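Welcome! Here are some short exercises to help you find your way around a structure you have not met before. Have a look at it first, then try each task before reading its solution.

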Amino acid sequence: MRVDALLSRYGYCSRREAASWAKQGRVVHEGKTLFSVNAQVQPERVLVDGAPVPFPQGLCAALYKPVGYTCSHEAADGTPVYDLLPEQWLRRTPAVQTVGRLDKETSGLLLLTDDGALLHALTSPRRHVPKVYAFTTAAPVPPEAAALFASGEFLLRGEKTPCLPARLVMQGECTGRLTLSEGRYHQVRRMLAAVGAPVTALERVELGPLRLETLGLAPGEWVAVDPALFSS
Ligand code: URA
């Protein structure tokens, strides 16, 4: 790709500003400083201001979303999770997006990518990536809930298609884990509310092969993730 395309694709500056970046000798390709934006480069072999291009093959990262942040770009809805990311990521094109969403009041694992094919593959309804949610409820979850959720016949209010079988494992009367392989609006909260156990705290602790516990993140922190983990 051209130098100006690279600088704008990876969020350094606009295509218009790229000429001045190049003139200042900030772009080096295979050890050679490129003063013109017309030169063709391979992103993996470029240094900008002495540093390699971040995520040259596409960005994929896991964020520990804290409670209170939204997956929307609109500041009017609350503080966007995007505020937790490096500014340069937000200038990349295609844009970095969340893979699916978590509610404002839900914390936990959130995947981010600018790779359209990966985003599409992971959010496709045909791709049942398992997601594990740890919850606390305001009232005990009734014993029959596990069989009901596992049945594949459980209907959420106002919906015509039953939920896919989900695995409920209780740890205490009001705490447990629910594994879903789909992602409907407020699904965990609605399922538990439907059996008389409204959720008071919710965290996504696993997403496909990723486990929050082993990533070693504090709320608000992110880590790069190998997208090949999701290719099976
Ligand atoms: N289910 C919910 O209710 N909320 C989430 O954020 C995710 C799953």
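The exercises below concern a predicted model, and each comes with a worked solution.

**Exercise 1. Find which residues surround the ligand, and sort them by class.**

Solution. Start with the ligand and look around it: the residues there are Leu102, Asp103, Thr106, Tyr133, His186, Gln187, Val188, Arg189 and Leu202. Next, sort this shell: four residues are nonpolar, three are polar and two are charged. Finally, see where they come from: helix α6 (residues 187–194) gives the largest share, three residues.

**Exercise 2. Find the polar contacts of the ligand with Asp103, His186 and Arg189.**

Solution. The cut-off to use is 3.5 Å between N or O atoms. Begin with the side chain of Asp103, where a polar atom is 2.8 Å from a ligand nitrogen. Then turn to the backbone: an N or O atom of His186 lies 3.2 Å from a ligand oxygen, and a polar backbone atom of Arg189 lies 3.0 Å from an oxygen of the ligand. As for cover, the ligand taken alone exposes 230 Å², and the protein buries 96% of that. The ligand's site is the largest pocket.

**Exercise 3. Work out the strand order of the open sheet, and why one side of β2 and of β4 has no neighbour there.**

Solution. First, trace the four strands: their order is β2-β1-β3-β4, with antiparallel pairing. Now look at the edges: β2 (32–33) and β4 (51–52) each have a single partner strand, so one side of each lacks a neighbour in the sheet. Last, zoom in on β1 (residues 27–29), which pairs with β2 over two bridges. Here Val28 is opposite Thr33 of β2.

Note on methods
Residues numbered from 1 in each chain as written. Predicted model: local features only at pLDDT ≥ 70, side-chain atom pairs only at ≥ 80, totals over all residues. Heavy atoms only, no water. Near = heavy atom within 4 Å. Polar contact = N/O pair within 3.5 Å; in protein donor to acceptor, adjacent residues only side chain to side chain. Areas by Shrake-Rupley, 256 points an atom, 1.4 Å probe, with all protein chains shown as cover. 1 Å grid on protein atoms, 1.4 Å probe; cavity = no way out; pocket = protein on both sides within 12 Å on 5 of 7 lines; lining within 4 Å. Sits in = over half its atoms within 2 Å of the grid points. Nonpolar A, V, L, I, M, F, W, Y, C, P; charged D, E, K, R; others polar. Pairing = 2+ DSSP bridges.
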